[in-house]
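Biologist: I'd like to learn how to read a model like this one. Could you take me through it feature by feature?

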Amino acid sequence: MTRVAIVEGDGIGHEVIPVARKVLELLHPEYEYFPVEVGYHRWEMTGCPCADRDIADLKSADAILFGAVTTPPMKDYQSVVLRIRKALDLFANLRPVKGTGFDIMIVRENTEGLYSGSEEISDDRATTLRVVTREGTERIVRSAIRLAKQRRGKLTIGHKANVLKSDVLFRDICLAESKAAGISYNDKFIDALALDVLQHPASYDVIVTTNIFGDILSDTTSYLVGGLGLIPSANIGDCYALFEPVHGSAPDIAGRNIANPIAALRSAGMLLAYCGDSIGLDRIESAIQEVLATGIKTRDLGGSTGTREFGDAVLHMLHRK
Ligand code: NAD
Ligand code: IPM
Ligand code: MN
């Protein structure tokens with residue numbers, strides 16, 4: 001039986017994940033769903049944001065639906081989501097940004113780069129080691145190439161090799177692998193790429209880049225489709241997979257039933273495709289489009305529908321088919 005771990009996390013995770021869970025339960029009542037509680041609230045209550053036991057529970061699932069967790073900028077607090085990505089070796093972070101006339105897949109390396117975890121801080125100096133390895137780069141660029149071949153066959157490599165030695169290695173491996181794979185490819189400095197993707201989104205297919213560049217690029221690119229409430233993501237490794245919106249816990253709007261649940265719904269759709277139900281992914285997307293077409297929208301898209309009510313409208317649309 002397919003087992004799905006449900007992690008609401010913090011903030012709007014408690015609002016958007018229940019919406020996505022209802023849709024999963026409607027489409028797959030035969031799956032087993034079980035909650036795993038991790039995050040900042042859990043830390044406030046117990047002093048531990050995520051225990052080894054929670055990691056074991058997550059590993060016992062076939063797939064994980066994850067909301068978002070609050071990560072306070074405190075010296076000793078370790079981000080739960082980063083811990084999970086590392087513990088489950090979820091090396092490929094896929095972030096699709098799709099709108100009228102463009103369809104971009106950002107493939108973000110998810111385990112190394114500036115998120116190596118190799119850091120030091122004192123009162124006067126702090127350092128973070130940016131680690132790029134051949135093994136880490138080969139596996140992410142090969143994932144990106146596989147995706148490009150299933151799509152429009154074009155790969156763009158985003159880097160900053162003009163100043164960073166770590167990106168010289170990243171760029172050179174990506175170029176060599178792309179050439180060997182016989183796909184169409186180019187490379188761009190990440191700062192110029194960030195603007196060009198906003199100006200000419202239609203000229204992009206798959207973009208592969210390092211950890212923090214992919215983080216920033218996915219938030220900025222969400223501007224093309226109406227913001228963070230819309231972009232889902234998949235974190236995929238060889239053994240495990242976690243699906244989450246690109247957005248965070250949004251404390252500024254949490255608890256008000258105004259968050260857009262579309263990113264969470266689309267993340268649930270990606271989860272279904274990973275579990276072998278690509279039709280489920282398409283059904284969720286069609287239902288979202290049909291609801292939006294009737295003018296039902298959350299506040300970030302200029303509407304006034306609440307999070308729960310938008311979810312109910314999607315459920316209603318799915319029931320009718
Ligand atoms: P954020 O993504 O939570 O919010 C940025 C802005 O976008 C806010 O104004 C917010 O209201 C808006 N927004 C986000 N999601 C929305 C939605 N679904 N509908 C409507 N508006 C939405 O980023 P932040 O404010 O920089 O970070 C808040 C917290 O979330 C931090 O603690 C951060 O570390 C954490 N975070 C967690 C994850 C994760 O767990 N995967 C991801 C990003 C940020
Ligand atoms: C994301 C978030 C995380 C990241 C943070 C919360 C650790 O910004 O998933 O985009 O930087 O990867
Ligand atoms: Mn981010």
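What follows is a chat about helix packing, pockets, buried residues and backbone angles.

Modeller: Sure, and keep in mind that this is a predicted model. Let's start with helices.

Biologist: Fine. At what angle do helix H1 and H9 pack?

Modeller: For a helix pair you look at the angle, the axis distance and the handedness. Here H1, residues 13-27, packs on H9 at about 40°, and the axes are 8 Å apart. The crossing of H1 past H9 is right-handed.

Biologist: And which residues in H1 and H9 meet?

Modeller: On the H1 side you have Val16, Ile17, Val19, Ala20, Val23, Leu24 and Leu27. They meet Ala264, Leu265, Ala268 and Leu272 of H9. Sorted by class, that contact between H1 and H9 has eleven nonpolar residues, with no polar and no charged ones.

Biologist: Now pockets. How much space lies in the largest pocket?

Modeller: With a pocket, read the volume, then the lining, then the chemistry. The largest pocket holds about 1,100 Å³ of space. Its lining has 41 residues, and the closest to the centre are Thr71, Ser79, Val81, Leu82 and Tyr115.

Biologist: Which element gives the largest share of that lining?

Modeller: That's H4, with five residues. Strand E3 (63-68), helix H4 (80-87), strand E6 (119-121), strand E7 (126-128), helix H8 (211-221) and E12 each put in at least two. As for chemistry, the lining of the largest pocket divides into 17 nonpolar, twelve polar and twelve charged residues.

Biologist: What about the second largest pocket: how much space lies there?

Modeller: About 880 Å³. The second largest pocket is lined by 30 residues, and Leu94, Pro96, Met105, Leu147 and Met270 lie nearest its centre. E4 gives the most to this lining, with five residues, while H9 is among the elements that supply at least two. By class, the lining of the second largest pocket has 18 nonpolar, four polar and eight charged residues.

Biologist: Let's go down to single residues. Is Ile140 buried or exposed, and why?

Modeller: You go by relative accessible area, and under 20% means buried. Ile140 counts as buried because its relative accessibility is 0%. Ile140 sits in helix H5, and its contacts away from its sequence neighbours are Phe91, Ala92, Val107, Arg108, Glu109, Phe170 and Val208.

Biologist: How far apart are the C-alpha atoms of Ile140 and Glu44?

Modeller: They are separated by 36 Å, with their positions 96 residues apart along the chain.

Biologist: Where does His247 lie?

Modeller: In the loop between strand E12 (241-245) and helix H9 (262-274). Don't assume that a loop residue has to be exposed: His247 is buried, as its relative accessible area is 10%. Leaving out residues up to four places away in sequence, His247 touches Ile12, Val16, Ala68, Leu228, Gly229, Asn260 and Ala263.

Biologist: Last topic, backbone angles. What is phi of Ala250?

Modeller: A phi check looks at sign and residue type together. Phi of Ala250 is near 40°, which is positive in a residue other than glycine. Ala250 is in the loop between E12 and H9.

Biologist: And what is phi of Asn257?

Modeller: Near 55°, again a positive value in a residue other than glycine. Asn257 lies in the loop between E12 and H9, and with a relative accessible area of 15%, Asn257 is buried.

Notes
Residues numbered from 1 in each chain as written. Chains lettered and ligands numbered in written order. Predicted model: local features only at pLDDT ≥ 70, side-chain atom pairs only at ≥ 80, totals over all residues. Heavy atoms only, no water. Helix = DSSP H or I, 4+ residues; strand = E, 2+ residues; numbered from the N terminus. Buried < 20%, exposed > 50% of the residue type's maximum accessible area, 1.4 Å probe, protein only. Contact = heavy atoms within 4.5 Å. Axes fitted to C-alpha atoms, helices over the stretch in contact; angles between N-to-C directions. Left-handed = near helix turned anticlockwise from the far one by under 90°. Nonpolar A, V, L, I, M, F, W, Y, C, P; charged D, E, K, R; others polar. 1 Å grid on protein atoms, 1.4 Å probe; cavity = no way out; pocket = protein on both sides within 12 Å on 5 of 7 lines; lining within 4 Å. Points joined across faces, edges and corners; volume = space filled by probe spheres on them.
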